[in-house]
Every structure is written in structure tokens, then in C-alpha cells.
Protein chains: 2
Amino acid sequence: MTILEPVARIINVGLPLIVEGVPAADVIQLDWRPPAFGEADVARLALILDDDVTADANARAITAVHSVRPQLTRVRPAKEVVPGIADGRTLLHAGPPIEWERMCGPMRGALIGATLFEGWAETPDQAEALLDRGEITVDPCHHHGAVGPMAGVLAPSMPVFVATDPSDGRLAFASLNEGLGKVLRFGAFDDEVITRLSWMRDVLGPILDRALEAFGPIDITSLIGQALSMGDEGHNRNVAATSLLTRRLAPTIAAMEPSSDAIAVLEFLAGNDHFALNVSMASAKLSMDAAVGMENSTLVTAMARNGVEFGLRVAGSGAEWFTTTVGPADGLFFPGYGPDDANPDLGDSAITETLGLGGFAMAASPAITQFVGGNPDDAIAATKSMRRITLGPHPAFPLPPINFAGTPSGIDVLKVLDTGVLPLINTGIAHKLAGVGQIGAGIVTAPPEVFLQAARSLANRRGIS
Amino acid sequence: MTILEPVARIINVGLPLIVEGVPAADVIQLDWRPPAFGEADVARLALILDDDVTADANARAITAVHSVRPQLTRVRPAKEVVPGIADGRTLLHAGPPIEWERMCGPMRGALIGATLFEGWAETPDQAEALLDRGEITVDPCHHHGAVGPMAGVLAPSMPVFVATDPSDGRLAFASLNEGLGKVLRFGAFDDEVITRLSWMRDVLGPILDRALEAFGPIDITSLIGQALSMGDEGHNRNVAATSLLTRRLAPTIAAMEPSSDAIAVLEFLAGNDHFALNVSMASAKLSMDAAVGMENSTLVTAMARNGVEFGLRVAGSGAEWFTTTVGPADGLFFPGYGPDDANPDLGDSAITETLGLGGFAMAASPAITQFVGGNPDDAIAATKSMRRITLGPHPAFPLPPINFAGTPSGIDVLKVLDTGVLPLINTGIAHKLAGVGQIGAGIVTAPPEVFLQAARSLANRRGIS
């Protein structure tokens with residue numbers, strides 16, 4: 001071998017374990033898996049679907065998504081801005097539709113808490129009775145242009161972030177992040193939780209709204225883009241976006257009256273490293289909604305979990321949900337907790353991965369590997385693996401550790417079926433009992449079943465059988 | 001070749017150009033250079049110095065440096081806290097000692113500005129005349145426990161950050177960062193500059209001081225450690241530390257009266273991404289000072305530039321400066337400027353590299369490569385190369401991109417001489433004319449000559465000839 005000959009490397013097909021003894025740098029992992037997870041009928045449909053019609057639709061869909069420049073414009077009570085919840089008793093929840101009876105503990109707890117918060121009941125028992133009797137309508141956030149982390153429960157009086165598409169006036173909404181510990185989104189509903197929610201309604205929301213009115217809209221794409229160069233991945237790590245946002249708004253907030261409220265708001269922002277998560281979520285929802293209903297497109301527009309089922313939506317099949325049972329996240333548990341305590345995966349926050357943040361932007365966030373497991377090389381490999389199932393890099397989200405390439409963005413159902421590579425989702429792990437809170441964090445993959453369902457539905461719509 | 005045999009690689013000795021045609025990943029660059037930069041007499045002295053006495057001294061020195069946990073305790077007028085400048089007319093400047101006559105343009109401009117700011121002269125001509133006649137004492141910041149970026153000019157009425165060692169009460173000081181553009185540290189001294197300095201003296205300093213008194217001391221090590229996981233390297237990139245610090249102090253600042261001043265301070269902090277640089281510098285100075293005068297240690301305790309000369313101080317030779325002529329930085333220039341406009345390298349900010357930040361922590365900051373040149377792989381390589389000349393990783397400064405290894409910390413004169421690897425310094429590039437400001441940024445290396453001088457002096461102190 002002369003010194004200029006390319007160095008021979010080992011090519012491995014299939015499971016990585018086969019060559020575990022070989023140093024990783026010298027192995028090329030082809031990672032071949034049977035198409036469509038071994039479902040021959042779907043593999044055939046997917047091959048037929050993979051044509052110019054789909055390619056054209058997907059090009060239009062991803063261009064539409066990447067063209068959205070969400071602006072954080074307002075923080076308003078949900079009932080004022082979120083469609084369909086102003087009258088009667090409606091509460092929104094995370095994930096695909098699910099009836100009260102089948103809901104997991106944390107979501108039931110959060111709905112009880114929201115019922116108390118709205119004053120529709122005096123006691124948790126009364127609240128539960130109302131929900132049992134169906135006197136409160138429960139509906140997915142996603143059906144109302146909204147998203148919420150974990151239980152994702154949104155009540156009409158809660159303030160929401162309003163993300164606006166300046167090009168067409170479209171809106172998307174997300175609840176305000178309560179912080180860690182005993183909070184509604186993990187199903188807690190005691191006095192501490194309701195008191196905090198009331199303060200968020202009466203003080204935090206109005207002060208932030210007036211500050212945004214005075215300051216002007218915040219370009220969320222630019223905020224997240226900068227945070228990605230500061231170790232955030234926009235889902236499980238949000239300290240940079242939160243700090244940048246707070247620092248930018250602090251002078252305007254400090255000018256609000258009464259000054260005691262302004263100070264309390266700044267204290268809340270100083271104490272909540274995840275505050276910007278919900279801004280990121282509203283922004284991702286607004287971006288992905290630009291492709292909803294785009295005929296023939298196989299682009300994933302939403303991934304969401306309700307603690308029982310995982311739901312997938314695809315551009316070409318509009319509002320249809322493809323769902324399957326979901327398991328708990330695999331990850332790192334806080335001391336004293338383990339997999340037996342974990343609730344199945346929960347929350348609308350996977351909308352961030354749908355856009356290319358979170359698990360898809362792991363390379364940006366080597367520090368997060370200490371929180372969800374793995375090491376910085378794994379984080380870079382995770383991002384690179386997501387290139388195989390996405391339509392292209394997000395032009396506004398360059399990731400410095402991969403030489404400023406854009407984060408892989410826009411999951412293509414056909415690419416998932418072709419490669420067998422499943423979307424990676426960074427997630428918090430909730431205790432299965434209402435109100436205990438977060439007990440860990442980790443990485444999940446979306447389940448194969450929903451992609452099979454989506455392909456069947458998309459083929460059916462095209463008259464392919 | 002079987003698949004388990006290690007893959008053969010090319011080993012290259014000497015200049016990288018020799019094998020430029022070979023893919024980089026397959027080349028191991030031994031990077032051999034003649035010891036002591038080819039100076040045989042120093043190579044011999046260095047070999048003798050490299051004994052148990054030195055090793056013991058260096059172990060004590062680096063332990064002392066790494067044990068310091070600087071606290072940001074106060075922001076006080078320099079004349080109140082910085083020793084030796086309360087009486088008469090003294091101005092401090094960056095780098096090793098230099099007479100007014102030999103100073104570069106930006107430093108002369110800054111001293112004229114400081115003279116006007118103190119009210120010792122009415123016009124720039126009067127100020128220059130006072131300085132010409134030696135009626136104002138000029139002295140290095142480093143001789144007074146202080147550090148300043150670029151011209152580093154510190155006047156008695158200016159507010160300074162006070163970094164305190166809680167274990168022994170030692171103090172170190174740094175001026176407050178004015179922001180970018182037309183500022184004193186680049187030699188500007190017009191009304192805009194003096195007005196800003198007056199506001200910093202009358203409003204910014206007092207508000208920050210009262211806020212720190214109310215909030216309590218800030219642990220700078222923890223602040224910088226967190227910022228290193230957010231893309232800062234603590235010298236040329238400080239947006240994370242600035243944002244974290246602002247977010248933490250914002251509620252306390254917002255509570256200060258009059259509220260218009262509090263708001264103005266928050267606006268200033270929101271608009272200056274480099275505000276935390278000077279905090280980082282004071283903290284590095286305090287840490288390195290713990291080793292000053294530690295007999296027989298070959299640890300570098302300061303690197304500083306006055307725009308004409310580069311100065312080095314070493315633990316075992318106490319207050320002695322080793323100096324040599326300095327050139328301009330090589331880097332990226334702002335549009336309209338080039339190397340001919342550049343002032344020779346300037347400022348005390350290389351104290352950050354002395355501790356292991358800045359150029360030594362490049363791996364933490366892939367985004368900075370867009371500012372100083374290179375790519376993220378270069379940044380990681382830069383940090384790894386600094387391991388060859390340092391005493392050990394800094395335990396409080398893990399860098400996520402290199403798998404949470406501590407940043408290489410504590411330059412050893414003997415290691416520099418042995419390897420021929422020179423310390424890397426991230427730096428801003430000043431225009432050579434006073435007051436034009438920053439015209440670029442880049443990376444410099446410390447000059448070999450000062451390490452040769454240091455070895456001769458240390459050998460002499462040990463009676464080695």
C-alpha cells in the first residue's frame with residue numbers, strides 16, 4: 001500500500017453489534033434495514049409514491065415551511081385568540097385526540113387542575129365528576145392551532161404566546177412555561193400550582209404582552225438560530241434562548257408598572273431555564289402548519305404524544321392522525337426513579353423535532369448529552385442520521401459543530417420507510433402518577449406503525465393500491 | 001489485512017505542507033520542532049530546569065490557580081479600591097511598562113481621553129501637553145492588580161469590577177466594557193466617548209454595585225463554566241456569559257431607583273455582547289495572581305500587549321517582565337480594512353488565555369471561527385494543541401465538544417520550549433490610528449523570544465548556567 005492510496009475501511013451492513021470490537025472511526029455503518037420495516041405491501045406502495053408528483057409536492061411543502069419567519073407578537077388570554085374555546089367549557093390537551101376515560105395520570109391531573117383554575121369546580125372531586133360526566137369538552141391543542149408541552153393542558157383563561165406569520169397573518173399558540181417541579185403540565189393541581197397559574201394569568205401574561213407591544217415583535221427564527229449556536233437544541237435545552245430573550249426584553253419589562261410586578265416577572269424569567277421552549281414550540285407549529293393540507297406531500301407536519309398514543313400528521317393527508325400506542329422514553333432518570341415510574345411519552349413538544357430542532361439538532365448541543373445520555377460524538381451522529389429522513393437543511397438554523405450546515409428539517413414519510421431510520425425526539429420523562437413531575441429525560445424514536453399507516457393513507461388518496 | 005488489524009496511517013514529521021495531498025484524517029502530524037526554537041543554549045538550560053524542583057513548584061502553582069473561585073463582589077470607583085492610584089495623577093494602561101513617547105496611537109488616544117475624563121485638561125492638546133511633560137504618571141494595570149482590554153486605560157474615577165478571592169480576601173480589578181464602536185479602549189476620546197464614560201461612572205457603576213450588594217456575590221467560575229457550554233470562549237465571544245449575568249441580575253437591577261437609571265443600565269447590558277469579557281478578565285487575573293512569585297515555577301502568570309511590546313510574566317520570576325516587539329494579529333478584517341491598517345497587538349485580555357480561556361478554549365466556541373477565521377475542526381484542534389504546553393485541564397471548565405475534558409490551563413515555559421508550540425491568543429484588531437476602533441479579529445501566537453528570556457532568567461535564579 002502506498003501512502004497516497006485511500007485507507008481501507010470496514011463496511012458493516014446491518015446491526016452495529018457485529019463489529020463492536022473494531023474502533024468506531026474505521027467502520028462505515030451502512031445501517032441497512034428492510035424497507036417499510038419489513039411490511040412488503042407498504043414497501044411497494046412507498047416505491048410507487050416516490051415519484052415526481054410527490055417530489056414536486058414535497059419541494060413546495062418544505063419551501064413553504066422554511067419560508068415562515070414566525071414573530072412573537074403578543075401574549076394574550078387563550079380565549080381571546082385561540083379559536084373555538086371562547087364559549088362553554090373546553091380544555092385542550094397534548095397529542096392526538098383521546099377520551100377522558102383513556103387518559104394517563106398526568107393528563108387527568110392537569111385537566112382536573114385546569115378545571116379548578118377556571119373556577120368550574122371547587123374541589124378536585126367535583127372537577128373529576130365534571131370530566132367524568134363529559135360536561136367539559138376535551139380536545140387536542142393541535143386542533144386549535146396550539147401546542148403544549150407534556151400534558152399540554154390549555155384552559156381559556158391561560159395566557160398564550162402568539163406567534164404570527166407576518167406574510168399572511170396566520171397565528172399559532174403555546175401556553176407559557178411554568179418552570180420545573182410541581183407544575184400542571186406534569187399533572188399537579190394543588191394550591192401551589194393554581195396560585196402560580198393565577199399569577200401567570202394576572203401578572204406574567206399581561207406584563208409580557210405590554211412589553212412586547214412596547215418593544216415590537218421578536219423574530220423567533222433569529223432567536224432560535226442564535227440559541228443553536230449557544231448550545232440549545234430548542235427542545236430539552238433552552239437556557240440560551242431564554243437568556244437572550246430575557247436580556248433583550250428586560251429593559252422594556254423593567255419599565256412596566258407596577259414595578260413590583262415587573263420585578264416579579266424578571267425573577268420568574270431568571271429562574272426558569274425552559275421558558276423559551278414554548279416560544280420555540282409555537283414557532284415550530286406555525287412553520288409546520290404552512291404545509292398542512294398540501295396535496296400529495298409526504299412531509300410530516302406534526303408528531304405529538306398524549307401519554308397513551310403517538311400521533312403523526314402528514315401534509316398530504318391534512319388533519320388526519322395516524323396513531324399507535326406509545327411507550328416510555330429511554331433515558332437518564334433522576335435519583336430515586338426508574339423506568340417503572342415512567343409515564344408513556346407525552347406532549348406536543350415533538351413539534352420542535354418536526355421542524356428540525358430538538359433531537360434533530362442534537363449536534364448543536366453537546367452539553368445536552370449529560371442530560372439525555374450519550375456523548376458529544378453521539379449528538380453529532382444523531383443529527384447526521386436525521387439527514388437521511390429529511391427533505392433538506394433548514395437555511396436559518398446552521399449548526400456550528402457540523403460546520404454550519406443547516407439542521408436536518410422536514411421528515412419525509414417515504415424516507416423513513418426507505419431507510420428504516422426513525423425520527424429522534426428529545427423528551428422529558430414524566431412520572432406516571434399525576435403531579436409527581438419530571439423524573440428524567442431521554443431520547444425516543446417515533447414508532448414505525450404511524451409511518452406505515454401514513455403511507456397507506458397517502459397511497460389511497462392517490463388511488464394507488 | 002484482517003478486519004481487526006489496526007488501519008495503517010501516515011505519520012508526518014515536520015511541516016504540514018509535506019503531505020498536503022493526503023486526506024487530513026489519515027495523517028498523524030507529529031509537529032516536531034527543534035527545542036527552544038533552535039536556541040541551543042536555552043535548550044540546554046531548559047533540560048536542566050526540567051527537574052523535580054520545577055515539577056513540584058509547578059504542581060503547587062497550578063493547584064493554587066485552579067483553587068481560586070473568584071467572586072464578583074462589587075463595582076467601585078478605581079481610586080477607592082485599586083492600590084496606588086488614589087493620589088496625584090496616575091493613569092493605568094495595558095501590557096508591560098512603556099513610556100508615553102513610545103506608545104502606539106490607540107493607547108495615546110485613550111490616555112488623552114482619560115485625562116479629559118478626569119478633568120485634568122480641557123482640550124486634547126492640553127492633555128497631550130500634560131502627558132508630554134510627564135505630569136501624569138502612566139503605569140501598567142498589571143502593576144496594580146488590574147487588567148484592561150485593548151489600550152486598557154484605567155483612570156481613578158472609572159468604576160471597576162472587583163473580583164474577590166473568598167479564601168484569602170485577595171482582589172483583582174477590571175474596567176467596565178464600553179461596548180463596540182467609538183470607545184476609549186480603541187483610542188477614541190471625543191464627546192461621545194467622554195459622555196459615555198461619565199454615564200458609566202455616575203449611573204452604570206453605582207447601579208451595578210448596589211445590585212451586587214443586594215443580590216450577593218456572583219461566582220464567576222460557575223458563570224464562565226456555564227458560558228463555555230454555550231459557545232463562549234471567554235475572550236472574543238462573551239454573549240452567553242453576558243446574557244446569563246444580565247438575566248440573573250435583571251430583577252435586582254430593575255428594583256433600583258431611580259427606575260430610569262435601572263432601565264438605562266438594562267438597555268446598556270442588552271446592547272453589549274462583550275460586557276462579561278471584563279468580568280472574565282478580572283477573574284483570570286485573580287486566579288493567575290495566586291501563583292505569582294511561587295519560587296521555581298515555570299508557570300506563565302501573565303501575557304499582555306501594549307501595542308508595541310508583548311510581555312510575559314512567570315510565577316518563579318515574580319514581577320519581572322520578559323518583553324519583545326509585537327506584530328499585528330492575523331485574522332479577518334471588517335470590510336474596508338486590511339493588514340496595513342492594523343495596530344500591533346494590544347491589551348491585557350490575553351490574561352484569559354493565561355488561565356485557559358480564549359484561544360485555549362476555542363473548542364467550546366465553534367461559532368467564533370466565523371469571527372476569527374477557520375472552521376470548527378480547527379477550533380477543536382487548537383484547544384487540543386494547547387494541551388501540549390499546559391500543566392493540566394482546568395477542573396471547573398469542562399468543554400462539551402471535547403467530551404467534557406477541562407480546557408488546557410496553565411502555560412509551562414518549559415513545555416513551550418520543548419514543543420515549539422506557542423500559546424494561541426484570540427484577539428480583536430485595533431486600527432493603528434487612535435479612535436477608529438476595531439477593524440477585525442483574529443488569532444495571534446505569543447512570540448518565542450519571551451519564553452527564551454524567561455528560561456534564561458529562571459535558570460539564573462536557580463544558579464544554573
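A residue counts as buried if 20 or more other C-beta atoms lie within 10 Å of its own. Keep that cut-off in mind as you move through this predicted model.

**Stop 1: a buried loop residue.** Select N343(A), in the loop between β13 (330-333) and β14 of chain A. Is N343(A) buried or exposed? It has 27 C-beta neighbours inside 10 Å, so N343(A) counts as buried. Now show what surrounds it: beyond its neighbours within four places in sequence, N343(A) contacts C104(A), G105(A), P106(A), G307(A), P328(A), A430(A), H431(A) and K432(A). Add F186(A) as well; 157 residues separate it from N343(A) in sequence, while their C-alpha atoms are 10.0 Å apart.

**Stop 2: the sheet.** From that loop, step onto β14 of chain A (346-347), an edge strand that pairs on one side only. It belongs to an open sheet of 4 strands, ordered β12-β11-β10-β14 in chain A, with antiparallel pairing. The other edge strand is β12 (322-325). Select β11 (residues 309-314) of chain A next: 4 bridges join it to β12(A). To see one pairing, pick F310(A), whose bridge partner in β12(A) is T324(A).

**Stop 3: the helix on the sheet.** Colour residues 448-461 of chain A, which form helix α15. This helix packs on the sheet and touches β11 and β12 of chain A, its direction making about 155° with that of β12(A).

**Stop 4: the nonpolar core.** Finally, select V160(A), F173(A), V160(B) and F173(B), which touch the most other members of the largest nonpolar core, a set of 314 residues. Centre on V160(B): leaving out residues up to four places away in sequence, its contacts include V75(B), L154(B), F173(B) and A174(B).

How values were computed. Residues are numbered from 1 along each chain as its sequence is written. Chains are lettered from A and ligands numbered from 1 in the order in which they are written. This is a predicted model: local features need pLDDT of at least 70, side-chain atom pairs count only at pLDDT 80 or more; totals for chains, interfaces and linings use all residues. A nonpolar core is a set of buried Ala, Val, Leu, Ile, Met, Phe, Trp, Tyr and Cys residues joined through C-beta atoms within 7 Å. A residue is buried if 20 or more other C-beta atoms lie within 10 Å of its own, exposed if 12 or fewer, and partly exposed in between; C-beta atoms are placed from the backbone. Two residues are in contact if their C-beta atoms, placed from the backbone, lie within 7 Å. Two strands pair if DSSP finds at least two bridges between them. Helices (H or I, at least four residues) and strands (E, at least two) are DSSP runs, numbered from the N terminus. Axes are lines fitted to C-alpha atoms, for helices over the stretch in contact, and angles run from 0 to 180 degrees between N-to-C directions.
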